Amino acid sequence: MKKILFMLGISASVLAQSKPTYYEHIQPIIAKNCAVCHCPGGVGPFHLLTYEDVAKRSKFVAKVTQIKYMPPFPADKSFQHYANERGLKEEEIELIQQWVAQGSVEGKMARVSSSQLAVGSKDARLSLTDKKPDLVLKMQNAFTVPNTGVEEFRYFHVPTGLKEDVMVDAIAFLPGNRKVVHHSRVMVDTTGRMAGLEGMQGTDPKLAEFQRIPMADEFLYGWVPGNDKIQFPQGVAKKMSANSNLIMYLHYSPSATTQTDQSEIHLYFAKKPVEREVKSLILHEQHITNPPFLIKANEKPTFYISTKPLTEDISAISILPHMHFLGKTFKAFAITPDGDLVPFIKIDNWDFNWQMTYQFETLLRVPKGSVILAEASYDNTEENPLNPFKPARDVTFGWNTTSEMMEMVIYYVSYQPGDEKVKQ
Ligand code: HEC
């Protein structure tokens with residue numbers, strides 16, 4: 001039989017898969033790639049844990065996987081690879097399509113139940129919490145998310161109480177209430193002048209006063225669901241100075257019921273000697289080469305950023321691009337003195353909801369003399385469904401969600417031979 005199949009050019013595995021079943025073929029894909037968000041307390045709008053959960057909306061599951069809308073991962077993986085990338089393999093997508101086309105067959109129940117599998121993947125996501133954090137920083141007060149069905153953007157001020165400088169080699173963000181915490185960004189202040197931000201709304205005009213105070217770190221960590229931690233490679237850590245205070249900026253989803261949240265940041269201090277300190281290269285509106293950063297009503301402008309040539313060889317660890325609702329595309333790369341391109345990130349369909357810290361698969365060498373370039377396009381027409389203003393208005397820089405930003409934070413260390421092989 002095998003021989004005949006071989007002669008016909010059909011492999012036995014394809015035949016075996018001709019009628020895929022849920023327990024044998026589909027459940028492992030869903031448990032690994034979907035259950036982390038589509039589970040109790042997860043951000044997904046429904047559960048994907050049992051055969052019934054998946055079969056009930058099988059056409060929908062086929063569609064969102066085929067168009068690569070789920071699992072969410074905005075960056076183009078043909079441009080660069082990341083340690084925290086998400087996505088299904090082409091074979092997996094094809095298998096789901098076949099399973100649905102052939103009637104979503106249940107098949108024989110596997111020995112491990114689907115809920116056990118889902119719980120397993122949930123635990124894996126928080127594996128960093130197996131280690132005891134050295135410093136747990138909780139929001140000072142629980143925040144009540146009202147039942148008004150309107151999203152909330154809030155700033156919180158979290159004192160650290162640090163009496164001396166510390167070297168941090170891993171950072172985790174733990175949302176207090178996964179039902180409503182949509183995404184967050186954590187910044188560091190050392191001026192002691194930010195306490196007045198506590199509880200402030202993202203649309204508050206008073207924000208402009210705080211925005212003028214220079215931050216010690218405009219970006220310590222950015223969190224979206226499924227992106228719970230950053231762990232630096234061995235011997236690499238980020239310095240946090242005594243008298244640092246954290247500023248957490250949280251985006252809460254609309255909720256029909258009253259919810260409370262008290263999110264936490266966990267810091268892990270380096271236990272081994274730190275050879276290299278993580279530095280941040282922050283490029284923003286002031287580096288734009290075609291100013292002013294003014295996005296006129298009914299226009300779709302593109303802005304460019306370009307750095308001076310780097311004065312040393314560096315190894316890039318991660319990149320976080322940032323824009324608000326008018327953002328459409330974002331691309332960043334370096335050009336070396338030899339004219340080679342070092343790809344950082346390409347997002348063709350910017351999604352405000354999935355702002356990730358993209359950690360490169362291996363440390364990314366950028367040689368001395370390279371120039372870092374970025375380009376971002378915006379859509380300030382009424383065709384942009386996310387445009388906060390109808391009719392469209394002129395928009396410029398500001399922290400408010402209704403203003404705009406063009407920012408990019410690159411974590412890096414000075415280069416050491418062999419970095420290209422350091423997996424993150
Ligand atoms: C990182 C979290 C996350 C992961 C992983 C994830 N989802 Fe989702 N999913 C969401 C969120 C949040 C929504 C609702 C918002 C939206 O539609 O973007 C959603 C919506 C959906 C929808 C409804 C889409 C719509 O248009 O209303 C389907 C179907 C879905 N997910 C299936 C899946 C499948 C199948 C997988 C795995 C292959 C998966 N999701 C992985 C978070 C996730």
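**Exercise 1. Which residues in H3 meet which residues in H6?**

Before we start, two ground rules. Residues are numbered from 1 along each chain as its sequence is written. The model is predicted, and local features need pLDDT of at least 70, side-chain atom pairs count only at pLDDT 80 or more, while totals for chains, interfaces and linings use all residues.

*Solution.*
Step 1: find the helices. Helices (H or I, at least four residues) and strands (E, at least two) are DSSP runs, numbered from the N terminus. H3 covers residues 22–33, and H6 covers residues 90–101.

Step 2: list the contact. Two residues are in contact if their C-beta atoms, placed from the backbone, lie within 7 Å. On the H3 side you get His 25, Ile 26 and Ile 29, and on the H6 side Glu 92, Leu 95, Ile 96 and Trp 99.

Step 3: sort them. Ala, Val, Leu, Ile, Met, Phe, Trp, Tyr, Cys and Pro count as nonpolar, Asp, Glu, Lys and Arg as charged, and the others, Gly among them, as polar. The H3–H6 contact then splits into five nonpolar residues, one polar and one charged.

**Exercise 2. How do the axes of H3 and H6 cross, and how do those of H5 and H6?**

*Solution.*
Step 1: know your axes. They are lines fitted to C-alpha atoms, for helices over the stretch in contact, and angles run from 0 to 180 degrees between N-to-C directions.

Step 2: take H3 and H6. Their axes come within 10 Å and cross at roughly 130 degrees. That makes H3 oblique to H6. For the labels, angles under 35 degrees count as roughly parallel, over 145 as roughly antiparallel, 65 to 115 as roughly perpendicular and the rest as oblique.

Step 3: take H5 (residues 58–66) and H6. Here the axes come within 9 Å, with a crossing of roughly 155 degrees. So H5 is roughly antiparallel to H6.

Step 4: check the handedness. A crossing is left-handed if the near helix is turned anticlockwise from the far one by less than a right angle, and right-handed if clockwise. H5 and H6 make a left-handed crossing, and H3 also passes H6 in a left-handed one.

Step 5: look at who touches whom between H5 and H6. Ser 58, Lys 59, Val 61, Ala 62, Thr 65 and Gln 66 of H5 make the contact with Ile 93, Ile 96, Gln 97 and Val 100 of H6. Five of these residues are nonpolar, four polar and one charged.

**Exercise 3. What is special about Lys 68 and the bond between Met 70 and Pro 71?**

*Solution.*
Step 1: place them. Lys 68 sits in the loop between H5 and H6, and Pro 71 lies in the loop between H5 and H6 too.

Step 2: read the angles. Lys 68 has phi near 60 degrees, a positive value in a residue other than glycine. Met 70 and Pro 71 are joined by a cis peptide bond with omega of about -10 degrees.

Step 3: go to the ligand. A residue is near a molecule or strand if its C-beta atom, placed from the backbone, lies within 6 Å of it. Of the 19 residues around the ligand, those that come nearest are Cys 34, Cys 37, Met 70, Pro 71 and Gly 226. H5 gives the largest share of this shell, four residues. By type, the shell has 13 nonpolar residues, five polar and one charged.

**Exercise 4. Why is one side of strand E3 and one side of strand E6 left without a neighbour in the sheet?**

*Solution.*
Step 1: get the order. Four strands form an open antiparallel sheet, E3-E9-E5-E6. Two strands pair if DSSP finds at least two bridges between them.

Step 2: look at the edges. E3 (152–159) and E6 (217–223) stand there with a single partner strand each, so one side of each has no neighbour in the sheet. On average, neighbouring strands are turned by 20 degrees against each other, direction ignored.

Step 3: zoom in on one pair. E5 (residues 181–189) and E9 (residues 245–252) pair antiparallel over eight bridges. Ser 184, for instance, has Leu 250 in E9 as its bridge partner.

**Exercise 5. Which residue in E20 stands opposite Phe 303?**

*Solution.*
Step 1: find the sheet. Its four strands run in the order E15-E20-E17-E18, with antiparallel pairing in an open sheet.

Step 2: pick the pair. E15 and E20 are joined over five bridges in the antiparallel sense, and Phe 303 stands opposite Ala 376 in E20.
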